[in-house]
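Got your viewer open and a selection box ready? Load the model below and we'll walk through it stop by stop.

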Amino acid sequence: MKNINVGLIGGGFMGKAHSLAYSAVPMFFWPTEIMPVKKVIAEATDELAQDAAARFGFERFTSDWRSIVNDPEIDVIDIATPNHLHAEIAIAALEAGKHVICEKPLARTVEESAAMYAAARLSTQVHMVAFNYRRTPAVALAKKYIDEGSIGEILNFRATYLQDWSADPSSPLSWRFQKKIAGSGAVGDIATHIVDLARYLAGDITSVSALTSTFIKERPVQSAGSDSLGNSRVDSGPMAAVDVDDEVMTLVRFASGAVGSLEATRNAWGRNNFITFEIHGTEGSIYFNYENRDELQVCFKSDGGDRRGFRTVYTGPNHPNGANLWPIPALGIGYGETKIIEAHDFFTAIAGGEPVRPDFGDGYQVALVDHAILDSAETGLWTQVPILDRETGTLSVSQ
Ligand code: NAI
Ligand code: SOE
């Protein structure tokens, strides 16, 4: 067994999720070839870094992320900061010969994402973008059914990502509402997850026709600090403009000929982490709702007319990754487990010298879709999405 030393940058929500995963990987995936070691954590200040190290179990701490990237003792750089730092850190880490896992969206813009992908292509190390919802066992089961042909040829893919944490105008202008930090709003923050799921399950998206809006146009100022995700209110003080979208809807066409729609908002009262997809194929349909993430709803044409309708498969030991989780279906598979599986797959790739998906190429392709969505919303026209050739690293637009 080999120790792999992790340098984690950012000790907020994702710092917690990733630290938990590093501790848990050997508990779930045993025996293991690789033992993650929580070596050093970076935060914005020494005080925050010291606190994060104590809380998440890191041996050392720093307020200078560059010192971690250039630390010969560190094998893996884990980027869990707000989006404006992703490109700079990832490129420096790849150039320093580190393996890199980067939170989504890959970066603020398609240009930053392209530069990160270029750096990844020059590196021999493993790179991964943290679209962890793919690792939900029910989502992986949907992929298995599709790959086995159980629902035939996909005709239609519709997905939503609805949340309500920003619906209260008194929740402050955290980094997620600032273009210079986040890059975009609901598009890069959450639509990006369902773009990843759409590509994973139904293949590349080749064109989009989108609408975006910003309903809450100003919020109480929050100049620094982590995002409380609607769990704090500011009822007085200066206000500042929200300069990103807070709602997006788009029609999509897939390379396969399938059609679909994607919708995302963080202003939908009553919806929490409402990631849904419904896929209709020539031989059946699949429905998933993350708020009931142990369940996959399926209907197969072969079921026969007198019993046609959706039925529930509860994921458990017989399903992808299930044998490593809990021994009985429907015990409850949570967000943390998706991050444990993600970390396991990342470390397995490092151990085997193999690539892992989704990688920076996938992150870049999602950024190309996000860019087309924003462009289409501005022009009011259908916008084509260039498709990345992973062999050559070049882009082409389908005719
Ligand atoms: P957060 O606001 O909870 O935490 C960000 C942390 O980064 C803060 O503690 C902040 O002090 C720290 N930070 C800021 N500047 C820094 C610097 N120069 N050096 C070191 N640390 C610094 O944000 P959250 O929710 O953890 O988001 C982080 C990233 O993870 C974002 O890119 C976000 O889009 C992504 N994310 C992904 C999720 C997923 O499901 N895959 C879920 C939540 C966030
Ligand atoms: C807020 O919308 C957020 O934390 C996103 O940033 C994550 O990516 C999502 O999975 C959970 O919600």
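What follows is a short tour of two ligand sites and one helix. Keep in mind that this is a predicted model.

**Stop 1: ligand 1**

Select ligand 1 and bring up its surroundings: 28 residues surround this ligand, and the closest are M14, E43, N83, N132 and Y335. Now go for the polar contacts. Start with the side chain of N83, where an N or O atom sits 2.6 Å from an oxygen atom of ligand 1. Next, show backbone atoms too. A polar backbone atom of D227 is 2.9 Å from an oxygen atom of the ligand, while a nitrogen atom of ligand 1 has a backbone N or O atom of A130 at 3.3 Å. How much of ligand 1 does the protein bury? On its own the ligand exposes 850 Å², and the protein buries 90% of that.

Try coloring the shell by class: you should get 13 nonpolar, nine polar and six charged residues. Then switch to cartoon and pick out α1 (13–28) and α9 (335–352), each of which supplies at least two residues of this shell. Color by domain as well, and you'll find at least three shell residues from each of domain 1 (2–133) and domain 2 (134–352).

**Stop 2: ligand 2**

Move on to ligand 2 and select F13, K104, Y133, Y161, Q163, W165, R176, D189, I190, H193, L229 and N273, the residues around it. Which side chains put an N or O atom 3.0 Å from an oxygen atom of ligand 2? Y161 does, and so does R176. For H193, the side-chain N or O atom is 2.7 Å from a ligand oxygen. The protein covers 92% of the 310 Å² of accessible area that ligand 2 has on its own.

Highlight helix α8 (residues 186–202) here: with three residues, α8 gives the most to the shell around ligand 2. By class, this shell splits into six nonpolar, three polar and three charged residues. Domain 1 (2–133) and domain 2 (134–352) each contribute at least three residues to the ligand 2 shell.

**Stop 3: helix α2**

Last, select helix α2 (residues 46–56) and show A49, A52, A53 and F56, its buried residues. Turn the view to look down the axis of α2: the buried residues fall within an arc of 100 degrees, so they line one face of the helix. What is exposed on the face turned away from the buried side of α2? That face carries E47, A54 and R55.

Technical notes: Residues numbered from 1 in each chain as written. Chains lettered and ligands numbered in written order. Predicted model: local features only at pLDDT ≥ 70, side-chain atom pairs only at ≥ 80, totals over all residues. Heavy atoms only, no water. Near = heavy atom within 4 Å. Polar contact = N/O pair within 3.5 Å; in protein donor to acceptor, adjacent residues only side chain to side chain. Areas by Shrake-Rupley, 256 points an atom, 1.4 Å probe, with all protein chains shown as cover. Helix = DSSP H or I, 4+ residues; strand = E, 2+ residues; numbered from the N terminus. Nonpolar A, V, L, I, M, F, W, Y, C, P; charged D, E, K, R; others polar. Domains from an automatic or database assignment. Buried < 20%, exposed > 50% of the residue type's maximum accessible area, 1.4 Å probe, protein only. Arc of directions from axis to C-beta.
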